[in-house]
Amino acid sequence: MTSSRPYLVRAFNEWILDNDCTPYIVVDAGVQGVQVPTEHVANGQIVLNISPGAVRGLVIGNGALEFSARFGGVPMQVFIPLQAVMAIYAKENGEGMVFGSEPGSPDPDGPGDKDEPRQGGDERPSGRPTLKVVK
């Protein structure tokens with residue numbers, strides 16, 4: 001079966017917007033193919049506001065999420081493979097979903113990276129994503 005993540009991300013995004021809340025995503029910036037402003041990455045993760053007022057041209061496809069936005073006044077095209085989306089939640093109340101690894105999904109660290117520490121020394125022995133509350 002195909003990954004359920006793109007369907008869940010689209011559904012939670014719509015649900016959060018329908019409830020007049022602001023959708024935020026947590027992204028593992030270390031996944032191959034992620035194109036985000038690296039100056040805003042902390043502990044290998046970045047939290048992004050994907051509300052219609054914050055981004056332009058949001059497309060949540062079956063393989064990736066992409067949009068254009070401004071970071072510090074500088075326009076940027078953001079590209080995020082959906083396997084890098086660790087969570088989607090409403091800023092106002094924290095309601096949403098945290099994603100684990102799916103059977104048959106590609107290794108988010110890419111081939112051959114298992115023995116190398118992640119940037120910033122952020123090693124995760126269990127291979128599961130970590131999530132911290134950002135207010």
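Student: What makes R10 count as lying over the face of Y7?

Tutor: In this predicted model, R10 is placed 4.8 Å from the ring centre of Y7, and a charge sits over a ring if, for Arg, the CZ atom is within 6 Å of the centre and within 35 degrees of the ring normal. The distance of 4.8 Å meets the first condition, and R10 is listed as lying over the face of Y7, so the description follows from the rule.

Student: How many aromatic pairs are there, and how do you know what to call each of them?

Tutor: The count comes to 2 aromatic pairs. In one of them, F12 and W15 have ring centres 5.7 Å apart and planes at 90°; because centres must lie within 6.5 Å and an angle over 60 degrees counts as edge-to-face, this pair is called edge-to-face.

Student: Where do F12 and W15 sit along the chain, and how far apart are they in helix α1?

Tutor: F12 and W15 both belong to helix α1, residues 5-18, and because they are 3 residues apart there, about one helical turn separates them.

Student: Why is F12 called buried or exposed, and what about W15?

Tutor: F12 has a relative accessible area of 19%, and since buried means under 20%, F12 is buried. W15 has 38% relative accessibility, a value between the 20% limit for buried and the 50% limit for exposed, so W15 counts as partly exposed.

Student: What makes the pair of Y24 and Y89 tilted?

Tutor: The centres of Y24 and Y89 are 5.9 Å apart and the planes meet at 45°; because planes under 30 degrees apart are stacked and those over 60 are edge-to-face, with the rest called tilted, the angle of 45° makes this pair tilted. Y24 lies in strand β1 (residues 23-28) and Y89 in strand β6 (residues 85-90), so the pair ties together parts that are 65 residues apart in sequence. Y24 is buried at 18% relative accessibility, and Y89 is buried at 15%.

Student: How do you know that the side chain of R5 makes a polar contact with the backbone oxygen of Q83?

Tutor: The side chain of R5 reaches that oxygen of Q83 at 3.2 Å, and a polar contact needs N or O atoms within 3.5 Å, so the distance satisfies the limit. R5 is found in helix α1, and at 7% relative accessibility R5 counts as buried.

Student: Why is F99 called buried, and what is its relative accessibility?

Tutor: F99 has 7% relative accessibility, and because the limit for buried is under 20%, F99 counts as buried. The place of F99 is in the segment after β7 (96-98), and its C-alpha atom is separated by 10.0 Å from that of V26, 73 residues apart along the chain.

Student: Which residues of the largest nonpolar core touch the most other members?

Tutor: They are I25, L48, F67 and I80, in a core of 26 residues. At least two residues of this core come from each of α1, β1, β2 (45-49), β4 (64-71), β5 (74-81) and β6, and β4 gives the largest share, 4 residues. Leaving out residues up to four places away in sequence, F67 touches residues including L48, V55, M76 and I80. Apart from the largest core lies another core, of 5 residues, among them V26, M86, A87 and Y89.

Definitions and conventions:
Residues numbered from 1 in each chain as written. Predicted model: local features only at pLDDT ≥ 70, side-chain atom pairs only at ≥ 80, totals over all residues. Heavy atoms only, no water. Phe/Tyr/Trp six-rings, centres within 6.5 Å; stacked < 30°, edge-to-face > 60°. Buried < 20%, exposed > 50% of the residue type's maximum accessible area, 1.4 Å probe, protein only. Polar contact = N/O pair within 3.5 Å; in protein donor to acceptor, adjacent residues only side chain to side chain. Core = buried A, V, L, I, M, F, W, Y, C linked by side-chain atoms within 4.5 Å. Contact = heavy atoms within 4.5 Å.
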